[in-house]
Amino acid sequence: MLSRLFAPKVKVSAHCDLPCGVYDPAQARIEAESVKAVQEKMAANDDPHFQARAVVIKEQRAELAKHHVSVLWSDYFKPPHFEKYPELHVLVNDTLKALSAAKASTDPKTGEKALELIAEIDRIFWETKKG
């Protein structure tokens with residue numbers, strides 16, 4: 001009797017955690033842009049206090065970018081996407097590694113590499129939204 005009382009009245013489904021519209025690679029891109037910007041500012045400022053604060057901010061932003069890429073991979077992209085884009089697993093892995101490299105580096109080239117890879121994820125993401 002209780003099971004009937006608490007049984008769902010309506011069945012809904014979505015291919016992601018929530019109906020589409022909540023995922024966007026822009027979140028990762030914005031954080032990665034911050035990483036690169038901090039790296040550039042660090043190169044132009046040798047104040048040790050500035051450098052210390054910049055490292056903390058850069059590492060936080062890189063970690064946030066990694067989080068957003070990971071969420072896309074685990075929650076948005078589904079088997080049909082991986083079938084259509086077989087390079088997606090390696091691309092996401094390379095992007096996460098590039099963000100780790102940017103997190104550990106003050107060289108803006110590492111931030112730029114992460115942005116290039118995120119741009120490729122972005123391209124694939126928007127293609128999946130069309131079809």
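Here are three short exercises, with worked solutions, on a predicted model.

**Exercise 1.** Work out whether Thr-95 is buried or exposed, and find what surrounds it.

*Solution.* Start by locating the residue: Thr-95 sits in helix α5, which covers residues 88-104. Next, check its relative accessible area, which is 0%. Buried means under 20%, so Thr-95 is buried. Now look for its partners. Setting aside neighbours within four places in sequence, Thr-95 is in contact with Val-69, Leu-117, Ile-118 and Ile-121. Finally, turn to the polar side: a polar atom of the Thr-95 side chain lies 2.7 Å from the backbone oxygen of Leu-91.

**Exercise 2.** Test whether the length of helix α2 agrees or disagrees with its number of residues.

*Solution.* Helix α2 runs over residues 26-43 and has 18 residues. The expected span is 1.5 Å times one less than that number, so α2 should span 26 Å. Then compare: the end C-alpha atoms of α2 are 26 Å apart, which agrees. As an extra step, list what α2 hides. Its buried residues include Ala-28, Val-35, Gln-39 and Met-42, and among the elements covering the buried residues of α2 are α3, α5 and α6.

**Exercise 3.** Describe the setting of Thr-106 and find its contacts with residues far along the chain.

*Solution.* Thr-106 belongs to the loop between α5 and α6. Its relative accessibility is 47%, so Thr-106 counts as partly exposed. Leaving out neighbours within four places in sequence, Thr-106 is in contact with Gln-39 and Met-42. Look again at Gln-39: it is 67 residues from Thr-106 along the chain, yet their C-alpha atoms are separated by 5.0 Å.

How values were computed. Residues are numbered from 1 along each chain as its sequence is written. This is a predicted model: local features need pLDDT of at least 70, side-chain atom pairs count only at pLDDT 80 or more; totals for chains, interfaces and linings use all residues. Side-chain values use heavy atoms; hydrogens and water are left out. Helices (H or I, at least four residues) and strands (E, at least two) are DSSP runs, numbered from the N terminus. Buried means under 20% relative accessible area, exposed over 50%, partly exposed in between (1.4 Å probe, protein chains only). A polar contact is a pair of N or O atoms within 3.5 Å; within protein, one must be able to donate a hydrogen and the other to accept it, and residues adjacent in sequence count only if both atoms are side-chain atoms. Contact means heavy atoms within 4.5 Å.
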